[in-house]
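Hi there,

Here is the structure I promised to hand over to you. Have it open while you read, and my notes on what turned up in it will follow just below.

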Amino acid sequence: MMSENNYNDEKYFDENCIFCKIVEKQIPADIVYEDEYTIAFKDLQPKATIHLLVIPKVHMKDIIEVDEYYMSKVHSSIKNIVEQLGLAEKGFRVISNCGAGAGQSVWHFHFHLLSGKYERFDNH
Ligand code: AMP
Ligand code: ZN
């Protein structure tokens, strides 16, 4: 699938966004997977034995704003990570909090990829 969007447009980067800074390697993260379109790193405050954040390398604020092109890239990355870490056998969860009312705190679309002992997000 091709996209006609120009993802180099400045609207796809937010200099104040912590996840854009991780994409640009301006701040450190424990990166476990990276390709041309996405990056995945360990959540700083894990809610499960394995708790990764899988994000597009463009700034789109949530699951509504992310486009199908990048959604498909994130989906591919999740499948690659699941295979690399052997998570299919263990079982895993994929969660996206959308909106402050659902506990979203970073306004750059991300999936939480969780496996193992798991603590719910209900405290948000
Ligand atoms: P949400 O609350 O669904 O928006 O998820 C944001 C997640 O990002 C939280 O689980 C935070 O623990 C995590 N987080 C925030 N800053 C960082 C960071 N610099 N490195 C890794 N994880 C982070
Ligand atoms: Zn961002």
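Let's start with a single residue: Val94, which sits in strand β4, spanning residues 93–95. Please keep in mind throughout that you are looking at a predicted model.

Is Val94 buried or exposed? The answer lies in between: Val94 counts as partly exposed because 13 other C-beta atoms lie within 10 Å, while a residue needs 20 or more to be called buried and 12 or fewer to be called exposed. Setting aside the neighbours within four places in sequence, Val94 is in contact with Ile78, Phe111 and Leu113. You could also find Pro46 in the viewer: Pro46 and Val94 are 48 residues apart along the chain, and their C-alpha atoms are separated by 14 Å.

Now zoom out to the chain as a whole. It has three helices and five strands, and if you walk along from the N terminus you meet them in the order α-β-β-β-α-α-β-β. The C-alpha atoms fill a box of roughly 40 × 30 × 25 Å along the principal axes. For 124 residues, a compact globule would have a radius of gyration near 14 Å, and the chain agrees with that because its own value is 14 Å. Buried residues account for 23% of the 124 residues. If you take the contacts between residues at least 6 apart in sequence, 58% of them join residues at least 24 apart.

Next, the inside. The largest nonpolar core has 19 residues, and those touching the most other members are Ala40, Leu52, Leu53, Val54, Ile55 and Leu113. At least two residues of this core come from each of α1 (18–23), β2 (38–42), β3 (48–56), α2 (68–85) and β5 (111–118). The largest share, four residues, is supplied by β3.

Leu53 is a nice one to click on. Not counting residues up to four places away in sequence, Leu53 touches Ala40, Phe41, Asp43, His110 and His112.

Leu53 also turns up in the surroundings of ligand 1, so to speak, together with Ile18, Ala29, Phe41, Asp43, Leu44, Gln45, Asn97, Gly103, Gln104, Ser105 and Val106. What classes of residue make up that shell? Six are nonpolar, five are polar and one is charged.

Have fun exploring, and write back with any questions!

Best wishes

Note on methods: Residues are numbered from 1 along each chain as its sequence is written. Chains are lettered from A and ligands numbered from 1 in the order in which they are written. This is a predicted model: local features need pLDDT of at least 70, side-chain atom pairs count only at pLDDT 80 or more; totals for chains, interfaces and linings use all residues. A residue is near a molecule or strand if its C-beta atom, placed from the backbone, lies within 6 Å of it. Ala, Val, Leu, Ile, Met, Phe, Trp, Tyr, Cys and Pro count as nonpolar, Asp, Glu, Lys and Arg as charged, and the others, Gly among them, as polar. The radius of gyration is taken over C-alpha atoms; the globule rule is 2.2 Å times the number of residues to the power 0.38. Two residues are in contact if their C-beta atoms, placed from the backbone, lie within 7 Å. A nonpolar core is a set of buried Ala, Val, Leu, Ile, Met, Phe, Trp, Tyr and Cys residues joined through C-beta atoms within 7 Å.
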